[in-house]
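Student: Could we go through this structure together, so that I learn how each label is justified?

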Amino acid sequence: MSKDFKKWFDDYSAIYDSFDEHLEHKDKNSEILFNHLQNLGQNPVICDVGTGTGNSIISLQKLLNKNMIRGEYVGIDISSKMLKHLRVKNKEIHTICADMKYLPFISDCIDCQTFYFSIHLARNEDFDVTLRETSRVLRNGVGKLVIVTIKPNSPFNKLRDHLKGKKRSLLSEQFLIEKLKSLDLQIDFTTIVTNALFFETINDVITFFEERGISTKNRDEVVKILKQYASFTEEGIEIAIKDLVFVASKQL
Ligand SMILES: C[S@@+](CC[C@H](N)C(=O)[O-])C[C@H]1O[C@@H](n2cnc3c(N)ncnc32)[C@H](O)[C@@H]1O
């Protein structure tokens, strides 16, 4: 399974950042998370798993730095090409090409482990292995786990599934709560963050999906489908996205 994702994300790496270019509030998740990560100490070890081109962790790093929390950052990803893009943008984050199921760390050494839009890629039995591995490396008593994942049934996801003709497999809030509890990870905070993707024209929407391998048939058809999921304003087209955010801690 991981091998398929490796190829897919290697191929996708060159255009991956165009998603964030359309995002209306780029640092919204970091701003919400920051309030729940103030007990990390002055020099925490922060590991971002499925870090990709690094956008999410770079946003959090900037906010922590601004507030005098420095830290050591490690980005883990199965795709070496995604990591290459990260290194061009940020030289302070150490990168390691590895599978989230086997983290190259000793036990009890990470102060904060983040999964931004990556945990849903570990499915079925891999999911339990991944969370157990996370729990192993988190520092006993103080280690924080952050999960940010796509909320099922947001307008953007419904639109994507409609255009693709196939439902993407995502994780429900309830599923995540049960899994975290079963591994003795205490949930400190959970919320839903609403954001939006903004496009100036219909052609920009078409290009966005076609770059991601989703063929959009003809323009009239796209407009008809978009009207079900997007808001049309004088400035352009807005498609709402929703993220599930969790902060959990590893108890002694
Ligand atoms: C949707 S991207 C998210 C990237 C980044 N976290 C962000 O917020 O933009 C998912 C990332 O998870 C990585 N990934 C998929 N399966 C993985 C695995 N088994 N181990 C490590 N990384 C994995 C992919 O290569 C990809 O870079």
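Tutor: What follows is a set of questions and answers about a predicted model.

Student: Why is Asn195 called buried?

Tutor: Asn195, which sits in strand β6 (residues 185-199), has a relative accessible area of 8%, and because buried means under 20%, Asn195 is counted as buried.

Student: What makes the approach of His25 to Asn195 a polar contact?

Tutor: The backbone oxygen of His25 lies 2.8 Å from a polar atom of the side chain of Asn195, and since the cut-off for such a pair of N or O atoms is 3.5 Å, the distance of 2.8 Å is within it.

Student: How do you know that Lys89 and Asp17 form a salt bridge?

Tutor: Their side chains meet with N to O at 2.8 Å, and the definition asks for a side-chain nitrogen of Lys or Arg within 4 Å of a carboxyl oxygen of Asp or Glu, so the pair qualifies. Lys89 lies in helix α5 (residues 80-89) and Asp17 in the loop between α1 and α2, so the pair ties together parts that are 72 residues apart in sequence.

Student: Why is Lys89 called partly exposed?

Tutor: Its relative accessible area is 38%, and because partly exposed covers what is neither under 20% nor over 50%, Lys89 belongs in that class.

Student: Are both partners in the salt bridge of Asp111 and Arg139 buried, or which of them is partly exposed?

Tutor: Asp111 is buried, with a relative accessible area of 9%, whereas Arg139, at 29%, counts as partly exposed.

Definitions and conventions:
Residues are numbered from 1 along each chain as its sequence is written. This is a predicted model: local features need pLDDT of at least 70, side-chain atom pairs count only at pLDDT 80 or more; totals for chains, interfaces and linings use all residues. Side-chain values use heavy atoms; hydrogens and water are left out. Helices (H or I, at least four residues) and strands (E, at least two) are DSSP runs, numbered from the N terminus. Buried means under 20% relative accessible area, exposed over 50%, partly exposed in between (1.4 Å probe, protein chains only). A polar contact is a pair of N or O atoms within 3.5 Å; within protein, one must be able to donate a hydrogen and the other to accept it, and residues adjacent in sequence count only if both atoms are side-chain atoms.
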